[in-house]
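These are my notebook entries on one protein chain, written while I went through its sequence and its structure together. I put down what I looked up and what I found, one topic at a time.

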Amino acid sequence: PLWIVYSSGTTGNPKPIVHGHGGVLLEGVKQSLHQDLSSGDRFSWLTSSGWIMWNAQLVALGQGASVALFDGAANHPDMLAVWRFVSKHRLTFFGAGAAFFTACAKSGIQPKDTVDLSCLRAIGATGSPLTEDGYNWVYTAVKSDVWLAPFSGGTDFCGAFVGGNPMLPVRAAEMQCRFLGNAVRAFDEGGNELVGDVGELVCTEPLPSMPLFFWGDDDGSRLNDAYFETYPGVWRHGDWIEITPNGGAVIYGRSDATINRRGLRLGSSEIYQAVEALPDVADSMVVDLEYLGRESYMPIFIVLSEGQELDDLLRNKIRDAVRNGVSARFIPDEIVSVAEIPRTLSGKKLEVPVKKILLGGDPARVVNRDSMVNPDSLGDIIEYARVLNSKSENG
């Protein structure tokens with residue numbers, strides 16, 4: 001055993017995952033190839049020590065690169081703080097959670113007009129899907145000739161399933177390829193492979209850095225239930241993925257948080273892209289509540305941009321954004337203003353735990369506040385759940 005790392009907690013209490021020395025080192029060398037890292041690079045990933053990306057910085061050190069650590073709040077004194085850091089230390093590779101780039105775009109900053117980013121050749125992103133709008137912001141506001149190479153993987157195996165390849169073209173909102181040696185597929189419910197359609201992200205062959213075991217999981221049952229219960233002998237990761245005909249990949253968010261409206265399924269990221277494109281909305285979270293014997297009820301929680309208020313005009317703008325950008329079928333049943341969207345330390349939205357709370361689950365049991373970057377944000381959700389369940393009880 002090398003270390004114990006904890007999953008982000010997007011679906012409940014974090015899993016205590018034990019990795020081994022050899023597997024992690026081999027996976028790290030593979031990642032360095034996909035990130036095109038060498039001893040001449042100056043590397044930084046915006047992360048806290050509670051996220052697997054802190055450990056993943058060893059990938060750069062393993063190639064002899066220099067690692068720079070940003071110490072402070074990413075938005076203090078303003079959203080340009082990190083970009084000044086990138087410029088000052090002449091970074092060649094900078095990475096962050098997709099939520100950081102979305103926040104930068106929302107703030108309206110244009111780093112290319114303010115700081116010298118001539119040394120920056122590559123940008124990485126992970127933690128959640130980076131939308132087409134996020135890609136466009138990087139190329140228009142940061143640097144037009146940078147290599148934008150988001151990837152998607154997991155703390156679970158301290159690696160990536162899909163991501164960058166410096167020899168391939170960059171397509172907006174699409175990761176360039178499956179990583180070396182990864183038997184990644186999209187499966188339908190029957191375990192059939194899909195190409196050009198959205199399915200469950202699975203890995204059909206072992207990877208060297210898969211967990212040795214979960215700490216305290218003496219009989220291995222929790223590990224088996226986490227990854228192998230749906231497709232016996234096949235790793236199900238819990239994300240929606242589309243393998244494109246050209247070999248790329250698009251991640252649509254957690255499959256555990258699927259929205260199912262009258263038989264039509266959708267990943268929540270498509271709704272976020274439509275709603276968060278509005279300048280009035282700083283952040284959002286949508287949850288599909290499935291009540292036994294009733295049609296689904298889908299509220300959307302929004303964080304207002306500074307100076308905005310949730311009135312009928314804005315409610316109609318949000319509904320129109322979903323109607324025109326997604327489908328009228330996915331117009332939310334209720335629009336709720338909250339101070340913050342609950343997020344993990346890695347920036348992921350806590351869709352599944354919030355869904356469990358709204359369906360009557362005990363917040364102390366379904367979410368671990370220590371895995372959150374903003375635990376106080378649950379207050380608005382818990383209050384909304386109380387009112388919602390009170391209405392349900394009263395018919």
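**Entry 1: a salt bridge between distant parts of the chain**

Is Asp280 buried or exposed? I bore in mind that I was working with a predicted model, and I found that Asp280 has a relative accessible area of 10%, which makes this residue buried, because buried means under 20%. I then looked for a charged partner and saw that the side chains of Asp280 and Lys317 meet in a salt bridge, with 2.9 Å from N to O. Asp280 lies in the loop between helix H8 (268–275) and strand E19 (281–286), while Lys317 belongs to helix H9 (residues 312–325), so the pair ties together parts that are 37 residues apart in sequence. Lys317 itself is partly exposed, at a relative accessible area of 32%.

**Entry 2: salt bridges inside helices**

I noted that the structure holds 13 salt bridges, and I looked up some that lie within a helix. I reminded myself that an α-helix has 3.6 residues a turn, so residues three or four places apart point the same way.

In helix H1 (residues 21–34), I found Lys30 and Glu27 three residues apart, which is about one turn of the helix, and their side chains meet in a salt bridge of 3.2 Å, N to O. Which side of the cut-off do they fall on? Lys30 counts as buried at 12% relative accessibility, and Glu27 counts as buried at 1%.

In helix H9, I found Arg323 and Asp320, again three residues apart, or about one turn, and joined by a salt bridge of 2.5 Å, N to O. Here Arg323 is partly exposed, with a relative accessible area of 38%, and Asp320 is partly exposed as well, with 35%.

I also wrote down a network of salt bridges that links Glu276, Asp283, Arg343 and Lys349. Asp312 has its place in helix H9 too, and this residue counts as exposed at 55% relative accessibility. Between the C-alpha atoms of Asp312 and Ser49, which are 263 residues apart along the chain, I noted a separation of 42 Å.

**Entry 3: two covered helices**

How many of the eight residues of helix H4 (residues 81–88) are buried? I found six of them, so this helix is mostly covered. The buried residues are Ala81, Val82, Trp83, Phe85, Val86 and Ser87. When I checked what the buried residues of H4 pack against, I listed strand E3 (42–45), strand E5 (93–97), helix H5 (98–107), strand E6 (122–126) and helix H6 (132–142). Just after H4, Arg90 takes a positive phi of about 50°.

Helix H10 (residues 351–358) is also mostly covered, with seven of its eight residues buried. I noticed that the buried residues include the charged Glu351 and Lys355 along with Val352 and Leu358. After H10 comes Gly360, whose phi is positive, near 105°.

**Entry 4: the nonpolar cores**

I turned next to the largest nonpolar core, which has 41 residues, and those with the most contacts inside it are Trp45, Phe161, Val162, Trp235 and Ile241. What does Trp235 touch? Leaving aside residues up to four places away in sequence, I found contacts that include Asp156, Phe161, Leu201, Cys203, Pro211 and Phe228. Apart from this core lies another, of 39 residues, among them Ile259, Ile300, Val322 and Ile381.

**Entry 5: a three-strand sheet and a surface patch**

I then followed an open sheet of three strands, whose order is E1-E2-E14, with antiparallel pairing. Strand E1 (3–6) and E14 stand at the edges and each has a single partner strand, so one side of each is left without a neighbour in the sheet. E1 pairs with strand E2 (residues 16–19) over four bridges in the antiparallel sense, and the bridge partner of Trp3 in E2 is His19.

Last, I looked at the surface, where Ile4, Tyr6, Leu212, Phe213 and Trp215 form a nonpolar patch with about 530 Å² of accessible area together. Leu212 sits in the loop between strand E13 (198–203) and strand E14 (213–214), and this leucine is partly exposed, with a relative accessible area of 45%.

Definitions and conventions. Residues are numbered from 1 along each chain as its sequence is written. This is a predicted model: local features need pLDDT of at least 70, side-chain atom pairs count only at pLDDT 80 or more; totals for chains, interfaces and linings use all residues. Side-chain values use heavy atoms; hydrogens and water are left out. Patches are made of residues with over 30% relative accessible area and no salt bridge: like charges are joined within 9 Å, nonpolar side chains (Val, Leu, Ile, Met, Phe, Trp, Tyr) within 5 Å. Accessible areas come from the Shrake-Rupley method with a 1.4 Å probe; for residues, only the protein chains shown count as cover. A salt bridge is a side-chain nitrogen of Lys or Arg within 4 Å of a carboxyl oxygen of Asp or Glu. Buried means under 20% relative accessible area, exposed over 50%, partly exposed in between (1.4 Å probe, protein chains only). Two strands pair if DSSP finds at least two bridges between them. Contact means heavy atoms within 4.5 Å. A nonpolar core is a set of buried Ala, Val, Leu, Ile, Met, Phe, Trp, Tyr and Cys residues joined through side-chain atoms within 4.5 Å.
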